[in-house]
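User: Please guide me through this structure one question at a time. I am new to it, so kindly explain each term when it first appears.

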Amino acid sequence: WFDVSLLLQISRLGSFRCLTRFDVLVDQNMCLKPILLLMPNLLQLGLRILTRPGLSKHVYLNKFIPCLEAGIAASKAPVLKVTVMGETRRLINKVFRNNHVEKLVVTGPCTFNLFPVMEKLKEVVVNLETNVNCSHWKSKIDDRTLHRAGICCVNVGSVYKNCPNMERFMGVEIGMVSHKQSFEEWNTKIKKRFYDDYLQQGGSKEMNAWAKTRWFERRPELSKYIGHV
């Protein structure tokens, strides 16, 4: 409650309009949308997510996710940094919609399941723990040495027609792949680039075997609304 009290005090002073950088700890009770709407000159937003490890499905879906996604949508900062310090692990898509973010930096677990929908987004940086084996939902015991770029933590599948200005995703250049083609055609070209990256990281699987456990075939189905109901 200290963060909330401090934010309320700053709000009373009318100082939010002067802020250009804002970092805040976010738990299952924090709703940032009303505060972020008061920060029109924000250049960088940093969110440090720390929730209770055993949130009920009801709280997770009806409070935590809606508040988190609404806060992201309200930000006008071109740089968004999200650090996941701890959260309840659930196979639920987190859809981050925003019309201002140009660079997204995410530090978190393979299971974070983030899908960006950001028309101005140019670059995605994902920081995964290099000394920890891959924990993605698709990972098997004998295939956890290398992380799954493109699906670990942040899913590149949502970029198609949702992030038309994307240039670079986890160091892989994808800006030259046109969105003016079917998803299947776009995915084939993107997949080849991420497979090449996998080989450069030391991977040894043939492409078909790699794709079965390290890639996706269908376009992700994303909710059109804030939160999940």
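User: Which residues of helix H5 (residues 207-214) are buried?

Analyst: This is a predicted model, in which local features need pLDDT of at least 70 and side-chain atom pairs count only at pLDDT 80 or more, while totals for chains, interfaces and linings use all residues. Residues are numbered from 1 along each chain as its sequence is written, and side-chain values use heavy atoms, with hydrogens and water left out. Helices (H or I, at least four residues) and strands (E, at least two) are DSSP runs numbered from the N terminus; buried means under 20% relative accessible area, exposed over 50%, and partly exposed in between, with a 1.4 Å probe and protein chains only. In H5, the buried residues are Trp210, Ala211, Thr213 and Arg214.

User: Against which helix do the buried residues of H5 pack?

Analyst: Contact is taken as heavy atoms within 4.5 Å. The helix against which the buried residues of H5 pack is H4.

User: Within helix H4 (residues 183-200), what separates Asp196 and Lys192?

Analyst: The side chains of these two residues meet in a salt bridge of 2.9 Å, N to O, a term that requires a side-chain nitrogen of Lys or Arg within 4 Å of a carboxyl oxygen of Asp or Glu. Asp196 is partly exposed because its relative accessibility is 27%, and Lys192 is partly exposed because its value is 41%. Because they stand four residues apart in H4, the separation is about one helical turn.

User: How many salt bridges are found in the whole structure?

Analyst: In general, side chains of opposite charge can pair when their charged atoms come close. A search of the whole structure gives a total of six.

User: Is Arg148 buried or exposed?

Analyst: Arg148 lies in the loop between strand E7 (123-127) and E8. Its contacts, leaving aside residues up to four places away in sequence, include Cys134, His136, Lys138 and Arg214. Because its relative accessible area is 1%, Arg148 is buried.

User: Which residue forms a salt bridge with Arg148?

Analyst: A polar contact is a pair of N or O atoms within 3.5 Å; within protein, one must be able to donate a hydrogen and the other to accept it, and residues adjacent in sequence count only if both atoms are side-chain atoms. One such partner is the backbone oxygen of Thr213, 3.0 Å from a polar atom of the Arg148 side chain. In the salt bridge, the closest N and O atoms are 3.0 Å apart, and its two residues are both buried. The partner of Arg148 there is Asp143.

User: What is the order of the strands in the open sheet?

Analyst: Two strands pair if DSSP finds at least two bridges between them. Seven strands make up this sheet, and their pairing is mixed. The edge strands, each pairing on one side only, are E1 and E9 (172-173). The full order is E1-E2-E3-E5-E7-E8-E9.

User: Which residue in E9 stands opposite Arg168?

Analyst: Strand E8 (residues 168-169) and E9 run antiparallel and are joined by two bridges. The residue opposite Arg168 also meets its side chain in a salt bridge at 2.8 Å, N to O, and the pair is linked with Glu123 in a network of salt bridges. Arg168 is partly exposed because its relative accessibility is 27%. The residue standing opposite is Glu173.

User: Which residue in E6 stands opposite Arg97?

Analyst: Strand E4 (residues 94-98) is mostly covered, with four of its five residues buried. E4 pairs with strand E6 (residues 114-118) in the parallel sense over five bridges. Opposite Arg97 stands Val117.

User: How far apart in space are Glu69 and Arg97, C-alpha to C-alpha?

Analyst: Glu69 belongs to helix H3 (residues 57-74) and is buried because its relative accessibility is 1%. Its side chain reaches the backbone nitrogen of Val95 at 2.9 Å. Glu69 and Arg97 are 28 residues apart in sequence, and their distance in space is 7.2 Å.
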